[in-house]
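Reader: I should be grateful for a close look at one part of this model, followed by whatever else merits description.

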Amino acid sequence: MDNQQTEVLPINSLAPDPSIIERAAQLLCSGKLVVFPTETVYGLGADAFQIAAVEQIFAAKGRPFSDPLIVHIATLETLETLVREIPPHALQLAQAFWPGPLTLLLPAHARVPKMITAGLDTVAVRMPRHPVALALIQATGSPIAAPSANRFMHVSPTIAQHALADLDGRVPLILDGGPCEVGIESTILDLCAETPRILRPGGVSLEALRTILPQVQPPSVRSSQQAHETQAQQAPGQMLVHYAPRMPAFLFEGNIEVLHKAILAEIQKRQAVGERVGILLVDEDLLALQNSGAFVYSLGSIDALEQVAARLFAGLRTLEEAGVQVILCRSFGIQGAGMAIRDRLLKAAGGKVIYV
Ligand code: TXA
Ligand code: MG
């Protein structure tokens with residue numbers, strides 16, 4: 001698998017060069033994989049209707065076939081070709097949030113390859129709002145199946161270099177459109193359940209969804225606590241170690257002053273035995289923690305949660321690249337973008353929360 005030349009092609013995010021899009025679309029049409037930017041994270045795309053191409057996605061990522069893929073579309077007409085029916089709520093939501101970071105779980109049409117749905121009766125569909133993604137889907141003339149462009153279980157890539165680090169030699173082309181604006185994956189909303197429920201919090205908040213559909217339910221506690229070996233793969237992205245960095249991470253929760261003291265104590269304890277510690281925090285924590293001797297990555301201000309979300313995966317990868325042996329993270333509330341941020345941190349920590 002590791003035997004291809006991977007080309008990284010810069011592309012203008014706002015006005016993608018049609019000749020570059022054409023080249024990438026030709027690769028997809030001929031059954032090859034292309035990594036492309038979306039507004040959430042980079043995707044590893046294949047023509048959704050070429051099964052041999054879709055199969056390569058799983059091989060390149062090292063992903064089990066039990067984990068279904070999101071299908072990316074550029075027009076609402078394409079949605080009709082992928083689903084058996086469009087529930088009334090779906091159109092309202094599509095109108096409000098598409099193109100954008102919302103994935104809808106809908107009843108799958110029989111023509112959708114089983115490899116995409118992992119044999120489930122539902123298909124996950126989203127219309128991304130990144131101009132490169134939209135242009136690529138249009139030029140390919142087929143919906144694009146794409147998971148995040150990382151090796152299975154690793155942190156999702158928000159810049160082309162992170163996708164390259166994971167997939168070098170495994171894909172022919174990476175379109176480099178710069179950093180992803182949202183930086184966290186799409187919200188997955190199950191519209192096949194009796195009551196619409198979020199399966200994975202993401203780029204569209206619960207509050208925003210409720211302005212259109214007040215009955216939307218937050219992720220079930222069970223799904224956010226689910227162990228890795230779950231068979232109930234309703235949203236296998238809920239697996240607790242899904243977004244993990246390569247070293248152990250711990251999430252600290254509690255009142256801010258106690259939290260700072262607890263993190264400091266943990267840093268000192270680990271430094272005493274020669275461990276290199278990384279901490280993921282916000283600007284407001286710097287005064288208390290920046291002179292601790294730990295490698296510090298700030299996600300920005302606690303008052304700018306969208307920015308925190310956008311920097312989160314880059315933060316985890318930066319600490320990883322810095323060679324720290326453990327990552328200590330501060331936690332976030334669940335309001336607005338906080339729900340998705342907390343979810344990803346919990347997964348990065350593999351469920352290891354320290355309540356102070
Ligand atoms: O923002 C995103 O959603 C990014 C960009 C590339 O669009 N994609 C992404 O894909 O995060 P992936 O494969 O890394 O995560 C998609 C999640 C997986 O955990 C998968 O299990 C779940 O969606 N999923 C896909 N189809 C499903 C289905 N039919 N039922 C339940 N879960 C599904
Ligand atoms: Mg993923």
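Author: In this predicted model, the lining of the second largest cavity draws at least three residues from each of two domains, domain 1 (7-227) and domain 2 (249-355); the bounds come from an automatic or database domain assignment. A cavity is a set of points on a 1 Å grid over the protein atoms alone where a 1.4 Å probe fits but cannot get out, and lining residues have an atom within 4 Å of a point. The lining consists of Pro201, Gly202, Val204, Ser205, Leu206, Gly336, Ala337, Met339 and Ala340. Six of these residues are nonpolar, three are polar and none is charged (Ala, Val, Leu, Ile, Met, Phe, Trp, Tyr, Cys and Pro are nonpolar, Asp, Glu, Lys and Arg charged, the others, Gly among them, polar). The volume of this cavity is about 40 Å³ (the space filled by probe spheres set on the points, which are joined across faces, edges and corners). A search of the whole structure finds two cavities of 30 Å³ or more.

Residues are numbered from 1 along each chain as written, with chains lettered from A and ligands numbered from 1 in written order. Local features need pLDDT of at least 70 and side-chain atom pairs 80 or more, whereas totals for chains, interfaces and linings use all residues; side-chain values use heavy atoms, without hydrogens and water.

The packing of helices comes next. Helix H12 (residues 305-321) packs against helix H13 (residues 338-348) with the axes 9 Å apart and an angle of about 20 degrees (axes are lines fitted to C-alpha atoms over the stretch in contact, and angles run from 0 to 180 degrees between N-to-C directions; helices are DSSP runs of H or I with at least four residues, strands E runs of at least two, numbered from the N terminus). H12 is therefore roughly parallel to H13 (under 35 degrees; over 145 is roughly antiparallel, 65 to 115 roughly perpendicular, the rest oblique). Their crossing is left-handed, meaning that the near helix is turned anticlockwise from the far one by less than a right angle, clockwise being right-handed.

H12 also meets helix H7 (residues 160-167), where the axes come within 11 Å and cross at roughly 55 degrees. H7 and H12 are therefore oblique to each other, and this crossing is left-handed. Helix H1 (residues 18-29) and helix H6 (residues 131-140) cross at roughly 55 degrees, their axes coming within 9 Å. H1 and H6 are therefore oblique, but their crossing is right-handed.

Methods:
On a 1 Å grid over the protein atoms alone, a cavity is a set of points where a 1.4 Å probe fits but cannot get out, and a pocket is an open set with protein on both sides within 12 Å along at least five of seven lines; lining residues have an atom within 4 Å of a point.
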